[in-house]
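Could you walk me through this structure in my viewer, telling me what to select next and what is there? I would like to go stop by stop.

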Amino acid sequence: MPRPENPLDPTENPVAAFAVRLRRLRADAGTPSYRAMAARSYYGYTTLAEAASGRRFPSWEITRAYVRACGGDLAVWERLWREAAEAIGPSRDSRHGKGGERSPPQPSPEPKRASASEDVAVDPGRALLPVEHGSRIDGVPVREGGEAGVDRTPAGRPLRGGPIVLRLLLGAQLRRLRERQGIPTDRAGYEIRASHSKISRMELGRVGFKERDVSDLLTLYGVSDPAERAPLLELAKEANTPGWWHRYGDVLPSWFEVYLGLEEAASLLRTYELQFVPGLLQTEDYAHAVVRLGYSDASDEEVERRVQVRTTRQRRFASPGAPTLWAVLDEAVVRRPVGGYEVMRRQVEHLIAMSELPNVTLQIVPFGAGGHAAAGGPFTILRFAEPDLSDVVYLEQLTSALYLDKPTDVDTYVRVMNELSIKALHPRTTRRLLLELLDEV
């Protein structure tokens, strides 16, 4: 593993010094090509190369992707990043090596589209809307006004995702505490009168938390200070609060409610579809047609409620801190007249309009591109601003879904998605194809 870095020298230019350290990290990792590094991250090779150029100070998200691709120690590099950000100070000109983002919660740079000359079709590092990178659960989640239904920490930072993301965060903290004490899962399970598998499910955020269980585990893990225990116990209580989708429980399977919580919390979603337009990009008429196909015996009221779930999910794209959506569609998606030609025409018009949003990137894999690595079916990769949450791959089936978060699984799907994005048409070419389709449908 590349060697850990020393603290920044206060006499150095912090932007240039940080870039030198990034380049040294890459050299220690065997100088992998930036293309190879990009294959292991959500960012394009040009963004990763820019991070180490010294021309501007990279965001923590980009730095984290760079460090991960080189096998660096994220904890060490987060400290280095914060030191550099503090040395730089706020609101100075980063183009001349004097500025950048001060801390993870600061907005990302102005969104830009990739140029037509780039052989990597889209660089998602250039399409991120401002999100709260690196925010942590550092206190008791409370509701402090503002947008209805958005949880906030005492510092006032919004925490999206409801109970699902709270469970994930609490589970991750409990796992760190257990591992720090060297306590095996079977002993922890015995402490709360449960099996070791339940401890694993709790740490993965896949079950709810009882305050009594969390209290007993904190005692076992040596957390006795009331000031340390109180936020975690309150987090356990909040993790059992129903999300907005709870009121649609009569039409939603439990396995899909998990996805809704993850989607709500995600700062970046990359999705590949080969049959239908993704739910986040569907018009109401198109959504009605899709629901009817899947639930042919459903009542009109049930169909309407299922469509309402989709429209509620879509509203997030018009709210502050909207996530980035990068959708890659097989050409069959836009040529299949789901709901009839008039419905499909309005859907294509909607796709064109959505593709113009700064936080939405749309690409189509044309028939002429031939075969590709995603022949197995559609999937979605979710990334979160909260560094304690690992990326998740979502695979939906007819009656269930799979949630993959092991690094080896996630890396495989990221690689496939990167390959798809290279094979697909550039976003501007995709838009021209959609405009041509309007003359055909």
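Begin by selecting aspartate 73 and alanine 75, at the start of helix 5: a side-chain oxygen of aspartate 73 comes within 3.0 Å of the backbone nitrogen of alanine 75. Keep in mind throughout that this is a predicted model.

Now extend the selection to the whole of helix 5, residues 74–88. Its 15 residues should span 21 Å at 1.5 Å a residue, and the end C-alpha atoms are indeed 21 Å apart, so the two values agree. Show the side chains next: Val76, Trp77, Glu78, Leu80, Trp81, Ala84, Ala85 and Ile88 are buried. To see what covers these buried residues, add helix 1 (14–28) and helix 4 (60–69), which are included in that cover. Just after helix 5, click on glycine 89, where phi is positive at about 80°.

**On to the sheet**

Select the six strands of the open sheet, which run in the order 5-4-3-6-7-8 with mixed pairing. Strand 5 (360–365) and strand 8 (401–404) are at the edges; each has a single partner strand, so one side of each is left without a neighbour in the sheet. On average, neighbouring strands here are turned by 15° against each other, direction ignored.

Is strand 4 (residues 324–330) largely enclosed or not? Seven of its seven residues are buried, so strand 4 is largely enclosed by the rest of the structure. Colour the two faces separately and you will find both covered: Thr324, Trp326, Val328 and Asp330 are buried on one side, and Leu325, Ala327 and Leu329 on the other.

Stay with strand 4 and look at its partners. Strand 4 pairs with strand 5 in the parallel sense over six bridges, and the bridge partner of leucine 329 in strand 5 is isoleucine 364. Strand 4 also pairs with strand 3 in the parallel sense, over six bridges.

Which residue of strand 4 stands opposite threonine 271? Pick alanine 327 and you have it. Threonine 271 also has a bridge partner in strand 6, namely threonine 380. There the sense is antiparallel: strand 3 (residues 266–273) and strand 6 (residues 379–384) pair that way over six bridges.

**A stop at helix 6**

Centre the view on arginine 167, found in helix 6 (residues 162–181). Show its contacts beyond four places away in sequence: they are Met202, Gly205, Val207, Gly208, Phe209 and Ala239. For arginine 167 and glycine 205, the C-alpha atoms are separated by 4.5 Å, although the two residues are 38 apart along the chain.

Next, move to lysine 210, in the loop between helix 8 (196–203) and helix 9 (211–220). Lysine 210 has a relative accessible area of 52%, and since exposed means over 50%, lysine 210 counts as exposed. Draw a C-alpha to C-alpha distance from lysine 210 to alanine 239 and you get 9.5 Å, for residues 29 apart in sequence.

**Two loops with positive phi**

Most residues other than glycine have a negative phi. With that in mind, select threonine 31, in the loop between helix 1 and helix 2 (34–38). Threonine 31 is not a glycine, yet its phi is positive at about 50°, and at 45% relative accessibility threonine 31 counts as partly exposed.

Finish at arginine 193, in the loop between helix 7 (185–191) and helix 8. Here too phi is positive in a residue other than glycine, near 60°, and with 53% relative accessibility arginine 193 counts as exposed.

Key
Residues numbered from 1 in each chain as written. Predicted model: local features only at pLDDT ≥ 70, side-chain atom pairs only at ≥ 80, totals over all residues. Heavy atoms only, no water. Pairing = 2+ DSSP bridges. Helix = DSSP H or I, 4+ residues; strand = E, 2+ residues; numbered from the N terminus. Axes fitted to C-alpha atoms, helices over the stretch in contact; angles between N-to-C directions. Expected span 1.5 Å × (residues − 1). Buried < 20%, exposed > 50% of the residue type's maximum accessible area, 1.4 Å probe, protein only. Contact = heavy atoms within 4.5 Å. Polar contact = N/O pair within 3.5 Å; in protein donor to acceptor, adjacent residues only side chain to side chain.
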